[in-house]
Amino acid sequence: MNSKNSPTGFPVGCHAVDIRSSRVGRVMGHEGPFVQLRPTGGGREWDCPPEALRHASTSEELRVRVARLNRESRMP
């Protein structure tokens with residue numbers, strides 16, 4: 001699904017930044033008026049109104065992916 005088909009402009013699977021907290025998350029779905037985000041490394045989802053979101057930049061996506069890979073490489 002591309003952003004033109006998404007009701008909020010944030011399709012499932014894309015990365016977005018919650019501008020209220022500067023947290024980067026992966027869009028997991030849409031529930032009512034909210035976009036549901038999950039930290040890239042896993043964790044608890046949170047709801048964010050679409051007006052408080054912006055698309056993550058390439059460097060922000062890369063930063064969270066590298067952080068996740070670093071955490072995974074330290075696991076036994």
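Reader: Which residue of S3 stands opposite Gly29?

Author: In this predicted model, strand S2 covers residues 23-31 and strand S3 covers residues 34-39, and the two run antiparallel, joined by six bridges. Within this pairing, the residue that stands opposite Gly29 in S3 is Gln36.

Reader: How many residues lie between S2 and S3 in their hairpin, and which residue in the turn has a positive phi?

Author: Strands S2 and S3 form a hairpin with two residues between them. The loop between S2 and S3 includes Gly32, and with a relative accessible area of 65% this glycine is exposed. The residue in the turn with a positive phi, about 60°, is Gly32.

Reader: What distance separates the C-alpha atoms of Gly32 and Pro49?

Author: Gly32 belongs to the loop between S2 and S3, and Pro49 is 17 residues apart from Gly32 along the chain. The separation of their C-alpha atoms is 9.7 Å.

Reader: In what order do the five strands form the open sheet?

Author: The order can be assembled from the pairings, beginning with S3 and S4, which run antiparallel and are joined by three bridges. S2 and S3 are joined by six bridges, while four bridges join S1 to S2. Strand S1, residues 15-18, also pairs with S5 in the antiparallel sense over three bridges. The five strands thus form an open sheet with antiparallel pairing, in the order S4-S3-S2-S1-S5.

Reader: Which strands stand at the edges, each with a single partner strand?

Author: The open sheet has the order S4-S3-S2-S1-S5. Each edge strand has a single partner, so one side of each is left without a neighbour in the sheet. The strands in this position are S4 (46-48) and S5 (53-55).

Reader: What does the twist average from one strand to the next?

Author: The five strands form an open sheet in which the pairing is antiparallel. From one strand to the next, the twist averages 50°.

Reader: Which residue is the bridge partner of Arg26 in S3?

Author: Arg26 can be followed across two pairings, and on the side of S1 the arginine is the bridge partner in S2 of His15. On the side of S3, where six bridges join the two antiparallel strands, the bridge partner of Arg26 is Arg38.

Reader: Which residue in the hairpin of S1 and S2 takes a positive phi?

Author: The hairpin of S1 and S2 has four residues between the strands. The residue in question is in the loop between these two strands, is exposed with a relative accessible area of 55%, and has a positive phi although it is a residue other than glycine. With phi near 65°, this residue is Ser22.

Reader: Which residue in the hairpin of S3 and S4 takes a positive phi?

Author: S3 and S4 run antiparallel and are joined by three bridges, and their hairpin has six residues between the strands. The residue that takes a positive phi, near 100°, is Gly42.

Reader: Over the face of which residue does Arg23 lie?

Author: The residue sought also takes part in the pairing of S3 with S4, where it is the bridge partner in S4 of Leu37. Arg23 lies at 3.6 Å from the ring centre, over the face of Trp46.

Reader: Which residue in S5 stands opposite Asp18?

Author: S1 and S5 pair in the antiparallel sense over three bridges, and S1 spans residues 15-18. Opposite Asp18, in S5, stands Leu53.

Reader: Is Leu69 buried, partly exposed or exposed?

Author: Leu69 has its place in helix H1, which runs over residues 58-73. The C-alpha atoms of Leu69 and Phe10, 59 residues apart along the chain, are separated by 24 Å. At a relative accessibility of 47%, Leu69 counts as partly exposed.

Reader: What pattern does the protein follow along the sequence?

Author: The secondary structure comes to one helix and five strands. Read along the sequence, the pattern is β-β-β-β-β-α.

Reader: What radius of gyration does the protein have?

Author: The C-alpha atoms fill a box of roughly 40 × 25 × 25 Å along the principal axes, and buried residues make up 33% of the 76 residues. For 76 residues, a compact globule would have a radius of gyration near 11 Å, and the value for the protein, which agrees, is 13 Å.

Conventions: Residues are numbered from 1 along each chain as its sequence is written. This is a predicted model: local features need pLDDT of at least 70, side-chain atom pairs count only at pLDDT 80 or more; totals for chains, interfaces and linings use all residues. Side-chain values use heavy atoms; hydrogens and water are left out. Two strands pair if DSSP finds at least two bridges between them. Axes are lines fitted to C-alpha atoms, for helices over the stretch in contact, and angles run from 0 to 180 degrees between N-to-C directions. A charge sits over a ring if NZ of Lys or CZ of Arg is within 6 Å of the ring centre and within 35 degrees of the ring normal. Buried means under 20% relative accessible area, exposed over 50%, partly exposed in between (1.4 Å probe, protein chains only). The radius of gyration is taken over C-alpha atoms; the globule rule is 2.2 Å times the number of residues to the power 0.38.
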